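Subject: Structure handover

Hi,

Here is the structure I promised to pass on. My notes follow below it.

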Amino acid sequence: MSKVKTVKGVGWDVCAIGNAIWGGAKLADVLELVGIPNLASITPLGGKHVEFISVDKCKEENGGPYKASIPLIQATTSDSEVILAYEMNGEPLNRDHGYPLRVIVPGVIGARSVKWLDSINIIAEECQGLFMQKDYKMFPPKINWENIDWSTRRPQMDFPVQSAICSLEDVTKVKPGKITVHGYAVSGGGRGIERVDVSFDGGKTWVEASRYQKTGIPYVADDKSSDKWAWVLFKAEAEISENTETVAKAVDIAANVQPENVEYIWNLRGILNTSWHRIHIHTEHPDN
């Protein structure tokens with residue numbers, strides 16, 4: 001996005017994603033233990049949101065704690081699988097990832113999965129923390145820092161469908177011949193990946209990549225063998241004889257597709273660049 005116009009954000013590139021096996025207690029079960037039933041959308045006292053407060057203090061909150069919230073109905077729906085995690089990849093949660101307890105809200109941007117959890121509050125209104133109200137919101141390209149009104153946009157929750165090529169650098173030199181690309185695709189809200197298209201000629205023609213989550217087992221969206229919260233890995237190959245651009249785009253089960261150009265989704269905060277991922281391939285021909 002910065003190549004289009006300056007943004008105020010962190011240069012994550014294609015790396016702002018994680019895919020781990022989390023272990024812990026379902027938040028819906030914990031809330032039920034304190035008298036809030038499954039599938040509740042409001043409590044008798046008017047609570048509609050679940051707020052997570054971190055031990056972590058941050059300058060953006062004027063020295064106060066990092067905090068975020070999700071709707072109560074999401075927290076009390078067992079199928080949403082929001083958990084209070086104390087394990088990661090079969091081991092006790094380590095400090096960098098939120099020891100001793102963190103929230104995991106699958107299918108939602110990571111800013112809502114609060115680390116180093118201190119307390120949980122049931123509140124009537126959405127969390128008023130800075131990272132809910134004045135950050136991580138998607139604005140149209142016409143909005144700038146002079147005319148922004150944060151209250152006109154809702155906090156970003158589910159993330160859009162996206163994909164990335166991980167086996168090649170942004171500019172890669174190769175010898176003429178077969179080239180294989182690997183990457184990931186994922187969509188928010190538990191929406192599976194219906195298709196990943198890869199082009200080896202800058203988007204003129206496309207091949208459908210093979211998809212999998214476990215090696216040797218073809219991925220089928222919404223099948224009982226698939227994990228709706230996890231990324232889907234893909235692989236595609238072609239013969240390359242000249243300089244070209246390799247492109248990847250994903251389609252989820254709701255037929256959401258990545259936008260072709262970043263210009264259309266540019267925003268001043270620089271979030272959610274889910275445009276087609278492009279890799280420039282330079283072929284190295286031996287001297288005659």
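The protein chain exposes about 15900 Å². Carbon and sulfur atoms supply 51% of that area. Please keep in mind that this is a predicted model.

Overall build

The protein chain has 3 helices and 17 strands. Its radius of gyration is 21 Å, close to the 19 Å from the globule rule for 288 residues, so the chain is as compact as a globular protein of that length. The C-alpha trace spans about 80 × 50 × 35 Å along its principal axes. Of the 288 residues, 44% count as buried. Among contacts with a separation of 6 or more, 66% join residues 24 or more positions apart.

Annotated spans

Two UniProt annotations are worth having at hand. The record, an unreviewed entry, gives "domain: Oxidoreductase molybdopterin-binding" for residues 4-129. In the model, residues 4-129 are 10% helix and 31% strand. The end C-alpha atoms of that span are 30 Å apart.

The annotation "domain: Moybdenum cofactor oxidoreductase dimerisation", also from an unreviewed UniProt entry, covers residues 155-283. I left the spelling as it stands in the record. Residues 155-283 come to 0% helix and 46% strand. Here the end C-alpha atoms lie 44 Å apart.

The β3-β2-β7 sheet

Three strands form an open sheet in the order β3-β2-β7, with antiparallel pairing. β3 (65-71) and β7 (117-123) are the edge strands, and each pairs on one side only. From one strand to the next, the twist averages 20 degrees. β2 (residues 49-57) pairs with β3 over 6 bridges, in the antiparallel sense. To find the register, start from Glu51: its bridge partner in β3 is Ser69.

The loop between β2 and β3 holds Asn62. Its phi is near 55 degrees, a positive value in a residue other than glycine. Asn62 counts as exposed because its relative accessibility is 77%, and the cut-off is over 50%.

Other backbone points

Most residues other than glycine have a negative phi, and most peptide bonds are trans. Two further sites deserve a look on that account.

Glu81 also has phi near 55 degrees, again positive in a residue other than glycine. Glu81 sits in the loop between α2 (72-76) and β4 (83-88). Its relative accessibility is 32%, so Glu81 counts as partly exposed.

The peptide bond from Tyr99 to Pro100 is cis, with omega near 5 degrees. Pro100 lies in the loop between β5 (91-92) and β6 (102-104).

Strand β10 and its partners

How many of the 10 residues of β10 (residues 177-186) are buried? The count is 7, so the strand is largely enclosed by the rest of the structure. β10 pairs with β8 (residues 162-165) in the antiparallel sense over 4 bridges. In that pairing Ile165 stands opposite Gly183. β10 also pairs with β15 (residues 232-240), antiparallel again, over 9 bridges. There Ile179 stands opposite Ala238.

Strand β17 and its partners

In a regular strand the side chains alternate between the two faces of the sheet. β17 (residues 277-283) shows such an alternation. His277, Ile279, Ile281 and Thr283 point to one face and are buried. Arg278, His280 and His282 point to the other face and are not buried.

β17 pairs with β9 (residues 171-174) in the parallel sense over 4 bridges. Val171 has His280 as its bridge partner in β17. β17 also pairs with β16 (residues 244-252), here in the antiparallel sense, over 5 bridges. Thr244 has Ile281 as its bridge partner.

A last site: Pro218

Pro218 is in strand β14 (residues 217-218). Is Pro218 buried or exposed? Pro218 is exposed, at a relative accessible area of 63%. Pro218 and Trp116 are 102 residues apart along the chain. Their C-alpha atoms are separated by 37 Å.

Best wishes

Technical notes:
Residues are numbered from 1 along each chain as its sequence is written. This is a predicted model: local features need pLDDT of at least 70, side-chain atom pairs count only at pLDDT 80 or more; totals for chains, interfaces and linings use all residues. Side-chain values use heavy atoms; hydrogens and water are left out. Two strands pair if DSSP finds at least two bridges between them. Helices (H or I, at least four residues) and strands (E, at least two) are DSSP runs, numbered from the N terminus. Axes are lines fitted to C-alpha atoms, for helices over the stretch in contact, and angles run from 0 to 180 degrees between N-to-C directions. The radius of gyration is taken over C-alpha atoms; the globule rule is 2.2 Å times the number of residues to the power 0.38. Buried means under 20% relative accessible area, exposed over 50%, partly exposed in between (1.4 Å probe, protein chains only). Contact means heavy atoms within 4.5 Å. Accessible areas come from the Shrake-Rupley method with a 1.4 Å probe; for residues, only the protein chains shown count as cover. UniProt positions are given in the numbering used here, feature names are shortened, and annotations may be inferred rather than shown by experiment.
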